[in-house]
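User: Hi! I'd like to go through this model with you before I head back to the bench. Could we start with the charged pairs?

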Amino acid sequence: MDETQAPRRRRAFEARPGRSALVAPDLAALRGPTSGVVELPLNISWQPNRRFDLASDHRRRSLYQNVLREAAQYEDLHTFLHRDTLLELWPRLLLPKGVRAAWEHAHPELRPPVARAA
């Protein structure tokens, strides 16, 4: 098989096809805001309303989902995510499988508890 017919090599953890998930090496470095209104830059959110009121559970989850999917630099993660809020929201976030797998691989504390046999 020549190179033009070779299947594309899959990356270990992808946010979407062809784009690797970005994972913070240390959750303690996530010191983003925990209250107020946050406006995401266009490189993270393309929605007309890029403002997220952190008092709203729905908007807080939406902000975290956007940042976890679209962040291209560690600074994005450090600026917009907060460790304790991430831990609280994690089980309820709707994320691509690759993003969830990458973060749980790097940070076992995000993994769901293992069901124990009775």
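Analyst: Happy to! This is a predicted model, and the count of salt bridges in it comes to eight.

User: Nice. Which residue does E39 pair with, and how far apart are the closest N and O atoms?

Analyst: E39 pairs with R51, and their closest N and O atoms are 3.8 Å apart. Because E39 sits in strand β3 and R51 in strand β4, this salt bridge ties together parts that are twelve residues apart in sequence.

User: And how accessible is E39? Same question for R51.

Analyst: E39 is partly exposed, at 44% relative accessibility. R51 is partly exposed too, with a relative accessible area of 45%.

User: OK, what about the helices? Which residue does R60 meet in a salt bridge?

Analyst: R60 meets D57, at 3.2 Å from N to O. The two are three residues apart in helix α1, so about one helical turn separates them. R60 counts as buried at 15% relative accessibility, because the cut-off for buried is under 20%. D57, at 25%, counts as partly exposed.

User: And E104, which partner does it have?

Analyst: E104 forms a salt bridge with R100, with the closest N and O atoms 3.7 Å apart. They are four residues apart in helix α4, again about one helical turn. Both E104 and R100 are buried.

User: Which residues do salt bridges with shared partners join into one network?

Analyst: That network consists of D57, R60, R61, E88 and R92.

User: Switching topic: what's in the largest nonpolar core?

Analyst: It has 29 residues, and V67, L68, L77, L86 and W103 touch the most other members. Helices α1, α2, α3 and α4 each supply at least two residues of this core. The largest share, four residues, comes from α1.

User: What does V67 touch further along the chain?

Analyst: Leaving out residues up to four places away in sequence, V67 touches L40, I44, D76, L77, F80 and L81.

User: One more residue: where is S45, and is it buried or exposed?

Analyst: S45 is in the loop between β3 and β4. It is buried, with a relative accessible area of 0%. Beyond its neighbours within four places in sequence, S45 contacts L40, R50, F52 and N66.

User: Great. Last thing, what's the overall layout?

Analyst: From the N terminus, the elements run β-β-β-β-α-α-α-α, which gives four strands and four helices. Of the 118 residues, 40% count as buried.

Terms used: Residues numbered from 1 in each chain as written. Predicted model: local features only at pLDDT ≥ 70, side-chain atom pairs only at ≥ 80, totals over all residues. Heavy atoms only, no water. Buried < 20%, exposed > 50% of the residue type's maximum accessible area, 1.4 Å probe, protein only. Core = buried A, V, L, I, M, F, W, Y, C linked by side-chain atoms within 4.5 Å. Contact = heavy atoms within 4.5 Å. Salt bridge = Lys/Arg side-chain N within 4 Å of Asp/Glu carboxyl O.
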